[in-house]
Amino acid sequence: MKNILIFSVLFLFFSCKKEEEKIIKIDTTENEKIAKQLFVEFNKHDWQKMANLYIENAEFKEPGSKMKLHKKSREQIVKEYSELQMMFPDVQDSLVAIYPSGKNNVIVEFVSKGTNPDKTKFELPICTIFTIENGKITKDFSYFDNSQN
């Protein structure tokens, strides 16, 4: 009887644990799909579709703003990336790895490549932490050192 009770408690514990892991896995898988879709749109240079993956006023941190928190509208995202494309018409991002982190965060490691205006090639390793809530990117915190390029 004692063994049955212990087995039952362990079974319930591990069953609940498995169910909790499934729920988190489903959320992170959806978030990973959204992050991957951002790179598909980036590489197609479809800035409007890319911007539509964000909420209207998403929070950003990036070296260009000295890592200070600021917000961008979708219109600002389209404008900024259109200008980037004018400077680097062949810019493309290559995913290195995606690391789910908790329920709402996805960390993406990638390399941005293209040709500088002086015709030299560049490769810029970047790491971005995306916060994704209700199917939209709410935060985009990007870390890179472009002092070598």
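Biologist: Which residues have the most contacts inside the largest nonpolar core?

Modeller: First off, this is a predicted model, where local features need pLDDT of at least 70, side-chain atom pairs count only at pLDDT 80 or more, and totals for chains, interfaces and linings use all residues. Residues are numbered from 1 along each chain as its sequence is written, and side-chain values use heavy atoms, with hydrogens and water left out. A nonpolar core is a set of buried (under 20% relative accessible area, 1.4 Å probe, protein chains only) Ala, Val, Leu, Ile, Met, Phe, Trp, Tyr and Cys residues joined through side-chain atoms within 4.5 Å. This one has 27 residues, and those with the most contacts inside it are L38, M50, Y54, I77, V108, F130 and I137.

Biologist: What does V108 touch, leaving aside its neighbours within four places in sequence?

Modeller: Contact here means heavy atoms within 4.5 Å. With those neighbours left aside, V108 is in contact with A35, F39, L95, A97, I98, I126, C127, T128 and F130.

Biologist: How many bridges join β4 to β5?

Modeller: Strands are DSSP runs of E, at least two residues, numbered from the N terminus, and two of them pair if DSSP finds at least two bridges between them. β4 and β5 run antiparallel, and S112 stands opposite L124 in β5. The number of bridges is 11.

Biologist: Which strand pairs with β1 in the parallel sense?

Modeller: β2 (residues 70-73) pairs with β1 in the antiparallel sense over four bridges, with F60 opposite H70. On the parallel side, E59 has K139 as its bridge partner. That parallel pairing, over four bridges, is with β6.

Technical notes. Buried < 20%, exposed > 50% of the residue type's maximum accessible area, 1.4 Å probe, protein only.
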